[in-house]
Amino acid sequence: MRRRTGQRIASALGHRALILGFTAFAIFPFYWMLVTAFKQNADLYVGASNTAHNPFIFNRPPTLEHLQILFNNTLYLTWLFNSLWVGALVVLITLALAVPAAYSLARLTGRWGERLSIGIFLTYLIPSTLLFIPFSRLVALLGLQNQLWALVLIYPTFTVPFCTWLLMGFLKTLPKEIEESAMVDGCSRLSAIARVVLPLAVPGLLTVVIFALTLTIQEFVYSLTFISSVGRMTVSVGVPVALVRGDVYYWGSLMAACLITSVPLAILYNFFLDRFIAGFTVGAIK
Amino acid sequence: MTTARVALAQPRIAAAETLSRRDRRLGKILLAPALAYIFLLVAVPFLLAVFLSLTNSSAGSLDFSFVGLQNFRNVVGNAVFLRALRNTFIFTFVSQLLVMVLGNILARALMKPFRGKLLVRFLILLPWAAPISLATLSWLWIFDSTFSVINWLLKVAGWLGPGQWYYWLGDPVLGMIAIITVHVWRMLPFSTVILLAGLTSIPKEVHEAADIDGAGPLAKTFQITLPMMLPILTVAVLFGVVFTFTDMSVVYLLTRGGPYNSTHVLASLAFQDGVLGGDVGRGASVAIFLVPLLVVMAVLMLRISRRAEVV
């Protein structure tokens, strides 16, 4: 009996240690951003060979200096604004294309629609690292080099397929009878969609908006390829490319920018992650 | 049993047949804009990528001429390319292997109830939810040549003696370890959540029945959990492979492919040749090497979705 209690305690402790270890691994880079963003330079650049100086804690009082530099002396706010502007336009385009397509695939097409929807989802797998070369031709041809419009044009290539797929899955869970009864009452199908289906689909639409926005703000490869002026960069490229002056890294401001940008995005994303994962696993769990 | 099946099957058939001609036309109209966009901006560029790989076009001008397979011939004989090809497979294989092992351990640990579970889940998901370029920057700082906190820890622990030092991003092997670490860090949450969804979908009754039949923990793992988890395990692996195989951000931001082009992957090399170097044809032909694996992955995914439909 006593041995069993001992075993149980040992396994509970092991479980605790496992969870703690994985959590530490996951959040350490974020902790590092936080500490670096508020450390004085004299505390930051000591060198790791000095074992007497513990880099994990504040050895001198924290400072707001790096934040002030970030907001006053860099283009961080411009980049943030650029990202949000592109994000807003991409969300609108995504909704305009994905909502009708998803409804059509969920309700108005038979077997071939099902196959087509899988095909659309698979286009999400074509990576930006394969398409950026042909896109650079296209962008040059349209005269959109170094303009945010190039990103507005191209970003829906990954938001539309995934959002159509997600929204189609969501619409399929709504009972058909709702718009059928509205149509019996004399609505046309289109007005039934507008008056009955879309209000019920708000949670699904919200998921799509959040994903289109976060995926857009996170995007790195296209933005790096097509935008060269510092003032037109998005935040995911401006921070790693333009905050570094020559070979000098301003780690305090750099980490502050990373922290301020990624944490709110990550929180937003987290709330909707279950729906996102459900999009990937449709079919594998039933 | 038969009646139940018929009852289940009927609404679908009925729905397909009662789709009026008008509804079908509306369906096509609603679908057309999205399809046109995907065709013009995904399918056509994809074909353009193949086309460009057969030309000598460069970034400066829109003129080009056909060179046949010359780009591929040049690329395949190139040591940097071969190294990048090998690296791409090493990074993908090693990081996905680690992610699968760690993800299974973590998902099982998260199945048990404990206090603060929601918070832990949130924190563990952060790496996947944060923008990749910014998260990688923080790793760049962690692996810094002078200020690396890892080196500090190793010094304190006595692993690194006086005068010994790890230049994480200045050494081919250490650089590869750093890149794999970041890939594992980023993909682990994604796979864990997918595996968790799979574990929770196994009905409790199955385990209870196995307990009654006297199945031990090993037998339960290999005869129940693993077979029932197989489809979802495959999904996690497929997406993990695709995301890691095609990524260039981690390599580009951590090492720029250096030192001496020893840590390039296909995607970062295509960027270096095709965008920075301006040799569009060459860059395109490097990127084309991503396609065969993607096709295999797509076929596997189609198989899974078809099988799941039958079940």
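Where in chain B does B:Tyr260 lie? In this predicted model, B:Tyr260 is found in the loop that runs between α11 and α12 of chain B, and the phi of this residue, which is not a glycine, is positive, near 50 degrees. Most residues other than glycine have a negative phi. B:Tyr260 has 10 other C-beta atoms within 10 Å and is therefore exposed, since the limit for that class is 12 or fewer. The loop between α11 (249-254) and α12 (266-276) of chain B also holds B:Arg256, another residue that is not a glycine and yet has a positive phi, of about 55 degrees. B:Arg256 counts as partly exposed, because its 15 C-beta neighbours inside 10 Å place it between the limit of 12 or fewer for exposed residues and that of 20 or more for buried ones.

Elsewhere in chain B, helix α9 (residues 204-212) lies largely in the open, because the number of buried residues among its 9 residues is 0. This helix, α9(B), is followed by B:Gly214, which has a positive phi near 80 degrees.

The description now turns to each chain as a whole. Chain A contains 14 helices and 0 strands, so that, read from the N terminus on, its elements run α-α-α-α-α-α-α-α-α-α-α-α-α-α. The radius of gyration of chain A is 24 Å, whereas the globule rule gives 19 Å for 286 residues, and chain A is therefore more spread out than a compact globule. Along the principal axes, the C-alpha trace of chain A spans about 80 × 75 × 35 Å. Of the 286 residues in chain A, 47% are buried, and among the contacts of this chain with a separation of 6 or more, 74% are made by residues 24 or more positions apart.

Chain B likewise has 14 helices and 0 strands. For chain B the radius of gyration is 25 Å, while a compact globule of 311 residues would have a value near 19 Å. The C-alpha atoms of chain B fill a box of roughly 75 × 60 × 30 Å when this is taken along the principal axes. Buried residues account for 40% of the 311 residues of chain B, and residues 24 or more positions apart supply 70% of the contacts in chain B that have a separation of 6 or more.

The two chains also touch each other, with 81 residues of chain A in contact with 86 residues of chain B. On the side of chain A that touches chain B, helix α14 (residues 251-281) gives the most, with 14 residues. Sorted by class, this side of chain A has 56 nonpolar, 22 polar and 3 charged residues.

A single residue of chain A, A:Pro156, shows contacts both within its own chain and across to chain B, for apart from its neighbours within four places in sequence it is in contact with A:Val90, A:Ile93, A:Thr94, A:Leu97 and B:Tyr37. A:Pro156 is placed in helix α8 (residues 156-172) of chain A, and it is buried because 26 other C-beta atoms lie within 10 Å, where 20 or more are required. From A:Pro156 to A:Leu171 the separation is 15 residues in sequence and 21 Å in space, taken from C-alpha to C-alpha.

Notes:
Residues numbered from 1 in each chain as written. Chains lettered and ligands numbered in written order. Predicted model: local features only at pLDDT ≥ 70, side-chain atom pairs only at ≥ 80, totals over all residues. Helix = DSSP H or I, 4+ residues; strand = E, 2+ residues; numbered from the N terminus. Rg over C-alpha atoms; globule rule 2.2 N^0.38 Å. Contact = placed C-beta atoms within 7 Å. Nonpolar A, V, L, I, M, F, W, Y, C, P; charged D, E, K, R; others polar.
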